[in-house]
Amino acid sequence: MSGTAATRSPRFHTRSLLAPSVFALFLWMVVPLAMTLWFSGRRYNLLRPGKTVFAGWENYGSLLTHRALWVAMGNTLFLVALVLAITLVLGTLLSILLDQDFPGRQVCRLLVIAPFFVMPTVSALIWKNMLMNPVFGFFAWITRSLGIGAIEYFSRMPLFSIAIVMGWEWTPFAVLILLPALQSLNPEQVEAARLDGAGPLALFRHIQLPHLLRPMAVVAMIETIFFLSLFAEIYVTTDGGPGLASTNLAYLIFRDALLSFDVGRASAGGVIAIVLANIVGLFLMRLVGRNLEDVR
Amino acid sequence: MSAALLAWLVFPTRRRPELTVSTVNNSDMILMQQLSSDFEKESGVKLNWVVLGENILRQRLTIDISTGSNTFDVITIGSYEAPLWGERGWLVPLDGLGADYDYDDIFDVIREGLSYQGRMYAAPFYGESSFTYYRKDLFLNAGLEMPLQPSYDQIRQFAQKLHDPQHGVYGLCLRGEPGWGQNMAYLSTLVNTFGGRWLDLGWKPQLTTAPWVDAISFYVDVLNHYGPPGVITDGANENRALFANGNCAQWVDATSAASYFLDPSQSRVASSTGFAKAPIARVPNGAAWVWSWGLAIPATSKRAALAKQFIKWATSRRYVTTVGERFGWLRVPPGSRKSTYEIAAYLKAAPFAPLVREAILNADYRQPSAQPVPYVGIQYVGIPEFQAIGTEVGQEISAALAGRATVQEALALAQAETERDLEGRSK
């Protein structure tokens, strides 16, 4: 009896089996979201207990009318764009290099991938204290021996410095995706192009780059998700400063939540961050979608 | 047999009582952790330690205590938190530690700083003020003499003469890292001595007034000319490392770093470090801060009695002498007890001790400014909002220090931020 029911509507059957995990995932997402929404509508500061009252749009109003939010949003988008550009360009070039046949290729590939496996806080510390430190950093030593003097990276160009650190961490990720994609390129196609007289540049422009567009879109997609919530590197290197120069949305929320202990405002910031992430996500999806159409 | 097993399952054997202690990773506290096996032996209590950096500890404790979770039995807090949290009823009062605890031996200003309405909410582990460190050898070579009470004009002239970046010596080191406990702690004293104040009696922020502009202009100017590169990321610890490494000719900061510099195993300037009072610009009021780290018990702790025992042990006179005898007198926690400054061995090992004692005794956290103020605190403002205010203002000033904004612009923004944070304060 039950067997015939199952054959009659297998879809219903599989759904009921999937239901528990879907439900769990749904809760996993919806409970924190609902709590964030709830808190964002309350005047709730941990340091002023007994005063958690309904605040309406107050938290949003206080954020949206404040310079810090807009600066942070700009910084967030700028950082995403800049690091995406760095990792995609460097990643593509490195992949093409590593795709060549040369002695020690395996070791070289391993070394290129390695930075990705260093923890973000650790790599940020290495860059801050050993490389970019203006007194005893390696870069300062180089520039000083060249007679240019030391550059105060994190105070003079905080966003670029963070982008460099991020680029170092995430270029390996791009290589990790792009190199196998390049290796899957049909060698006969390359051979044919060569016979038609294509030089390395033309080969790159007309064969390799179009072939890489799809994996590049994947890289951009995944990296954007991570870069939007970038935090550790900023926390370790610049504390969001000087001023607000390197404060992104994640850091602004941290500041409200853990330095001001303003749960309400931090939650409102979280909601705004969700909205921003969705807008960026939507754009990216369309971009990726269009790319895939073109390729087809 | 099975009954015994059942009993064992239902009533587990009485374990040793445990206390969870959270503290800052300062060297004095690490030493307390090392010595605490003594206490464990004496009392039969097992201690679990959570040792964190200052900022993380503050975040962790504030969230813990304000949400009423009972993770810790003993916490380490400063004179900013103790009265505020005591007022909220978040802490167990510590006025019943017994006659042998000798409350009168604690410096009054330190004890009162950790009290709310006359009840002590944290027992001082060590106390500090701020003063000037300088390099005697560099001063001697340049034919300069540091007066006992320097003025900021003199500090500036010395910095100019001694600044020698080619040889890695910078004229003046100061805190640049933004944060209410970092650059703003120092800058509050600077503003005080320029005659300024954070708030007027109507709780209106005063950040665009002349003393602020003058003080911050001085700070930005002197650091950009004679400060170390990258000063913007230098907090207290970075500066201490710079001075200990011989990179600073002068440094104005916490007195608690003094013993570190005199220890040849950690410092290259052990024989050449000199001490003077905190510099004065226009008025002496609030030119040097007073601060103490104390041990407190959250009201949620279920083992308050045991926790009191531990606190009594760690902040007692006997603890001070134990440290001195076993680890050397330089490592004694300073600034909390008067009797420490009567120990001949300590005074001999720590030539800076009388200066520290005097600085602590002279620091009046109730009258931090030459002008009247509605708050207490020299290097902070004793209101809950100050953590947010100090952090934001600190950021704006660091932008001015980095040359991304003028002092006036930065202070105008800081003023707006402060007004926003104080909105809804009905006083």
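This is a walk through a predicted model, stop by stop, with a selection to make at each one.

**Stop 1: colour chain A by confidence**

Start with pLDDT on chain A. The mean is 87, and 93% of the residues in chain A reach 70 or more. Now select residues 2-8 of chain A. This is helix α1 of chain A, where confidence is lowest, at a mean of 49. Then select residues 158-183 of chain A. Here, in helix α9 of chain A, confidence is highest, at 94. Where pLDDT is low, the predicted coordinates should not be read in detail.

**Stop 2: the domains of chain A**

Select residues 1-40 of chain A in one colour and 58-295 in another. These are domain 1 and domain 2 of chain A. Their centres, taken over C-alpha atoms, are separated by 36 Å. How many residues does each domain give to the contact? Domain 1 of chain A gives four, and domain 2 of chain A gives seven. On the domain 1 side of chain A, the residues touching domain 2 of chain A divide into two nonpolar, two polar and no charged.

**Stop 3: Asp239 of chain A**

Stay in chain A and select Asp239(A). Find it in the loop between α12 (232-237) and α13 (249-259) of chain A. Its phi is near 55°, a positive value in a residue other than glycine. Most residues other than glycine have a negative phi. Is Asp239(A) buried or exposed? Asp239(A) is buried, because 27 other C-beta atoms lie within 10 Å and the cut-off for buried is 20 or more.

**Stop 4: where the chains meet**

Show both chains. In the contact, 23 residues of chain B meet 24 residues of chain A. On the chain B side, select α3 (54-66) and α16 (386-401); these are the elements of chain B that give two or more residues to the side touching chain A. The largest share, eight residues, comes from α16(B). By class, the side of chain B that touches chain A has eleven nonpolar, nine polar and three charged residues.

**Stop 5: the domains of chain B**

Colour chain B by domain. Domain 1 of chain B is 2-121 + 291-359, and domain 2 of chain B is 130-289 + 376-422. The C-alpha centres of the two domains of chain B lie 30 Å apart. Their contact takes 13 residues from domain 1 of chain B and 18 residues from domain 2 of chain B. On the domain 1 side, pick out α4 (81-87) and α15 (353-362) of chain B, which each supply at least two residues. The largest share on that side, three residues, comes from α15(B). The domain 1 side of chain B that touches domain 2 of chain B has eleven nonpolar, no polar and two charged residues.

**Stop 6: Leu84 and Asp102 of chain B**

Select Leu84(B), which sits in helix α4 of chain B. Leu84(B) is partly exposed, with 19 other C-beta atoms within 10 Å. Leaving out residues up to four places away in sequence, Leu84(B) touches Gly382(B) and Pro384(B).

Move on to Asp102(B), in the loop between α4 and α5 (108-113) of chain B. Asp102(B) is not a glycine, yet its phi is positive, about 60°. Asp102(B) is partly exposed, with 14 other C-beta atoms within 10 Å.

**Stop 7: helix α9 of chain B**

Select residues 210-226 of chain B. At 1.5 Å a residue, the 17 residues of this helix, α9(B), should span 24 Å; the end C-alpha atoms of α9(B) are 24 Å apart, which agrees. Show side chains for the buried residues of α9(B), among them Trp212(B), Ile216(B), Tyr219(B) and Leu223(B). The buried residues of α9(B) pack against α7 (152-162), α8 (183-193), α16 and α17 (407-422) of chain B.

**Stop 8: helix α13 of chain B**

Finish at residues 317-327 of chain B. Which residues of helix α13 of chain B are buried? They are Tyr319(B), Val320(B) and Val323(B). These buried residues cover an arc of only 105° around the axis, so they lie on the same side of α13(B). Their cover includes α2 (27-43) and α12 (304-314) of chain B. Rotate to the other side of α13(B): Arg318(B), Glu325(B) and Arg326(B) are exposed there. Last, select Gly328(B), which follows α13(B) and has a positive phi, near 100°.

Conventions. Residues are numbered from 1 along each chain as its sequence is written. Chains are lettered from A and ligands numbered from 1 in the order in which they are written. This is a predicted model: local features need pLDDT of at least 70, side-chain atom pairs count only at pLDDT 80 or more; totals for chains, interfaces and linings use all residues. pLDDT is the predictor's confidence in each residue, from 0 to 100. Helices (H or I, at least four residues) and strands (E, at least two) are DSSP runs, numbered from the N terminus. Two residues are in contact if their C-beta atoms, placed from the backbone, lie within 7 Å. Ala, Val, Leu, Ile, Met, Phe, Trp, Tyr, Cys and Pro count as nonpolar, Asp, Glu, Lys and Arg as charged, and the others, Gly among them, as polar. Domain bounds come from an automatic or database domain assignment. The expected span of a helix is 1.5 Å times one less than its number of residues. A residue is buried if 20 or more other C-beta atoms lie within 10 Å of its own, exposed if 12 or fewer, and partly exposed in between; C-beta atoms are placed from the backbone. The arc is that of the directions from the helix axis to the C-beta atoms.
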